[in-house]
Each structure stands twice: as structure tokens, then as C-alpha cells.
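The following note sets out comments on the two-chain model for a colleague's consideration. The points move from the overall make-up to individual elements and residues.

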Amino acid sequence: MKIKNVNEQLIKKIKETKTVVTHFGDDLDNRASIHVLEKWAKENGILQKDDTITVERVPAGKVKEGFINLDTGGHTGCREDENTIVIDGNPKEGIKSAIQALAERLKVEVPNQILEIADAMPTKISPFDTRSGLSLQKFTSIENVFEMAKEELLDKELTDEQLERYGLVEAQKSQQKTIDEAVEKIKKYTKELSNGESVVISPEFIKAGSIVAYEMGINYFASVDEHKSGQGVTFAINAKPGKVLPDKIREYGNNLVEKYKNQDGTSGVFVHPNKTMLVAGGPKNPDFKVDMSKEDMMNKIDELFSTYAREDLKRQIVEEENRKNKLLNENIALDEKEGQAKDLEREAQKLNDINKDKNIKM
Amino acid sequence: MKDISVSDNILEIKENIDNNINYILNGRKIDELSDRELMLLKELYIVINSQLQNRVEIKKEEILRLKERINNIIRKEKM
């Protein structure tokens, strides 16, 4: 049998529903996952060539019972019962993305580049580099993205010929405009913190805002927006790659998660398990809002970062004080050694002089 | 602040450091300082520690030179 029994439930669900469920908003991970699943199903006769998979959306972290859920479910890996399948990344177990989990399960080949960077922004790609494959992938078909990945173009600048070949010339121009506008707004909303770090607290959505900010050396990015209903706010706070959000921010986020917990245990507030992101509402949870005014939320975020920075600065001062004491002790010890060495030198010179005199007399 | 890396008297160095730190603290605890004062205090510590580190390097080199001189004297003695 071509397909192992482990996928029996998956096959049944595909035939039954011809649907996958994923989060709002597309990224490389969910695009690649849907594409791979559909291709695998067609190649194995589970779907006909003319069939298309319907994509339904749920807020991030949520799961739709009775369906195949891809790249949603809270980044806690894959699970399955007789009714529902979840295929998702699990960073704690080394499964970086949904596409990695899916490729391993279906035993299909996926270009390495896609597996490496599906759910993470590689540090070697700069957002100022509007010609890179990854920054442009959302503007072209997923088939093209896979071709680009095979050529290992996702983390490289595309040439004029490649931009033309993948239909990305206009997209690149538009990206450049987006970056230029982001830089201007970021400069306006950046706050220098007392511990030497900096944060953007933006009262408006800035397209590509966080990745541009990090490229500018800013450590954290916060964006607050009025909810589409006109009441309440949504917000997102991120840390630069390599950093985590301060404890105070995560603590505030966890309190909000609890405050806005639904009966099914999910919440409109999400604190990423890797501690780099706190999101309330937004594209993946479009109906959710926090009951605060925009001004109050901005002030709250400002206060949280200011408090964190002050505590961090005090901690740095204590570290420097300890280092000062260590260096003072080292200086004292060296002074003593120097004194002893000088005494030895004097003694050695005295002996030498005495022996010189003896030799002369002899 | 006087450059302590060239000072030979460790007691003077300690006094110099304490005076500079106390100038910012002005009888207060760290918690009572403003953010600006905390930043100044941190900068001060960085300068102090940099000079103390310099002094360590200078002293280490001086001790090596002294040891070299002692060895030379002993060599001459054996000749």
C-alpha cells in the first residue's frame, strides 16, 4: 500500500471535507502547508486533479473541530482524535513549523529553505532588501515560491531577470515604498529607554513596521490600533529576534489572557511560548478587542517598558558595582605582588653588588 | 574624574571612586534616583571600571618587567 495507515484519518478527512482550516493572514508556513497537502492528496488519488481545497480561517491558536487544522492550535505540535486533526509546529520539541511537521508526517520532500525559514525571519535577510525572495514571496504563486526555494533564492536578492521571471517587478517597487514609509513613521514613534534599549510604540499600523524597526537597531516594537468596531483596541508587542519580551510585558499579557479567556479555554490574547510576542486581537483574531481606549493602552505600554527599563538599569548598576569591587581587589593584589617583586629586585641587586665587590678584591 | 589608572595609591583611588559615586547618590539609595541620574551613575561606573581594568593591565606589565629585571640580575650573577 502506497500510503501508510498513520494517515488513514487524514485521508478520510480530506475526502470528506475537502477543507483545511488555518489562521487569518497568510505566511510562508500556512501557504506551503496547504500547497503540500493538496499536492500530496492529488498525487495519491485522494483528490481529483480538478478538486481544490477550501481554506477556512480561525483566530490564531484556535482549532475547528471536525476538520484538518494546519498551522493553528497554539504551536504545541500535532494531535489527532477520531474527529479532528491538528498539524502545527512545536518549537519546544524542535518542530519549527507546520510545514516541517507535515513534511515529516507525509514523508514528502520540501525544499530545505522552506523548512528552515517557514516560521522564522532569518537574520541574514534585511527588510531593507526589498529584492529578497522571502520578502516578495507573498506576491507570487506558491508554486513559484517552491521553485525559488529550490534555487535557494528566498534569502537572496533577486536579479532583474528573476524578478521578471517570477512576476515580481511591480511588487518590488511597492515593497520599497512600504519600507520608506515605515522608516519615516518609526523614527516618529521611537522611545529611547533608560537602560539603553529602545521601543517603538505606534498608534497606527505600520506595514513591515517591526522588521524595519529591528533592522534600525530598535529592540521592541509595539503597535496599538482602534478596533474596527470603533470600541476598544487591539495591539501587538514584539521583541527583536534574539531577544525576549521583558517579564513585565509577558506578565501583563498573561493577565490579559486570563481576563479574556473564553469558555473553551482559548483567549483573544496570545503570548507566544517563545516569549517574543504578545498579541491581542489583530488579523488572526479580528473580532477580539481589549476594553481600553487607545491612549490608555499606549500609556500602559509606555509605563510597562519604562518600569522594565528602570529595573534593568538598576540591575546593570549592581553588576557594575560588583565588577568595580572585583577590580579593586585585583588591583590591591597586584600592588602587593608589585611590592614583593620590587623588594626581590632590590635584594638581588644588593647581592649582585656585594659579589661584584668580592670579585674585584680577589 | 581623575584618571585612576595612573594612580599608585590604592587608598586614594578608593576615595576618588567613592567621592564620585557619592556625588551622584547625594545620600540617597539607588531606588530614589531619577532615571537620568541612574543613567549617569551607570556611565560613571563604566568609566571607573574601565580605568581600574587599565590599571590592572599596567600593573601586570610592570610585574613582568620586574621579573625580567630580576632574571637578568641573576644571570649576570651566574656569569
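1. A loop residue with unusual backbone geometry. This is a predicted model, and the comments below should be read accordingly. A:Asp71 sits in the loop that links strand S3 (68-70) to strand S4 (79-80) of chain A. The phi angle of A:Asp71 is near 55°, a positive value in a residue that is not glycine. Is A:Asp71 buried or exposed? With 30 other C-beta atoms within 10 Å, against a cut-off of 20 or more, A:Asp71 counts as buried.

2. A second positive phi, in another setting. A:Lys107 also has a positive phi, of about 55°, although it is not a glycine. A:Lys107 belongs to the loop between helix H3 (98-106) and helix H4 (112-117) of chain A. A:Lys107 is exposed, because 11 other C-beta atoms lie within 10 Å and the limit for that class is 12 or fewer. The two residues may be inspected side by side: A:Asp71 is buried, whereas A:Lys107 is exposed.

3. Make-up of the chains. Chain A contains eleven helices and eleven strands. Of the 362 residues in chain A, 37% are buried. Among contacts in chain A with a separation of 6 or more, 56% are between residues 24 or more positions apart. Chain B has two helices and zero strands, and buried residues make up 14% of its 79 residues.

4. Strand S9 of chain A. How many of the seven residues of strand S9 (residues 233-239) of chain A are buried? Seven of the seven are, so the strand is largely enclosed by the rest of the structure. A:Val233, A:Phe235, A:Ile237 and A:Ala239 point one way from S9(A), while A:Thr234, A:Ala236 and A:Asn238 point the other way. Residues on both sides are buried.

5. Partners of S9(A). Strand S8 (residues 220-226) of chain A runs antiparallel to S9(A) and is joined to it by seven bridges. One of the pairs matches A:Tyr220 with A:Ala239 in S9(A). S8(A) and S9(A) make a hairpin with six residues between them, and A:Gly230 in the turn has a positive phi of about 95°. S9(A) also pairs with strand S11 (residues 277-280) of chain A, in the antiparallel sense and over four bridges. Here A:Phe235 has A:Ala280 in S11(A) as its bridge partner.

6. Nonpolar cores. The largest nonpolar core has 51 residues. Those with the most contacts inside this core are A:Val200, A:Tyr220, A:Ala222, A:Phe235, A:Ile237 and A:Ile301. H11(A) gives the most to the core, with eight residues. A second, separate core of 41 residues includes A:Leu10, A:Ala98, A:Leu153 and A:Tyr166. Beyond its neighbours within four places in sequence, A:Val200 has contacts that include A:Ile186, A:Tyr189, A:Ala213, A:Ile218 and A:Ala222.

7. A:Ile201 in strand S7. A:Ile201 lies in strand S7 (residues 198-202) of chain A. A:Ile201 is buried because 20 other C-beta atoms lie within 10 Å, and 20 or more suffice for that class. Leaving aside neighbours within four places in sequence, A:Ile201 is in contact with A:Tyr189, A:Lys191, A:Ala222, A:Met298, A:Ile301 and A:Asp302. A:Ile186 is 15 residues from A:Ile201 in sequence, and their C-alpha atoms are 8.7 Å apart.

8. Packing of two helices. Helix H10 (residues 247-259) and helix H11 (residues 294-361) of chain A pack at an angle of about 140°, with their axes 8 Å apart. H10(A) contributes A:Lys248, A:Ile249 and A:Tyr252 to the contact, and H11(A) contributes A:Leu304, A:Thr307 and A:Tyr308. By class, the residues of this contact are four nonpolar, one polar and one charged.

9. The interface between the chains. Contacts between the chains involve 28 residues of chain B and 28 residues of chain A. Helix H1 (10-25) and helix H2 (35-78) of chain B are the elements that give two or more residues to the side of chain B that touches chain A. H2(B) gives the most to that side, with 25 residues. The residues on this side of chain B comprise 15 nonpolar, two polar and eleven charged.

How values were computed
Residues numbered from 1 in each chain as written. Chains lettered and ligands numbered in written order. Predicted model: local features only at pLDDT ≥ 70, side-chain atom pairs only at ≥ 80, totals over all residues. Contact = placed C-beta atoms within 7 Å. Nonpolar A, V, L, I, M, F, W, Y, C, P; charged D, E, K, R; others polar. Axes fitted to C-alpha atoms, helices over the stretch in contact; angles between N-to-C directions. Pairing = 2+ DSSP bridges. Core = buried A, V, L, I, M, F, W, Y, C linked by C-beta atoms within 7 Å.
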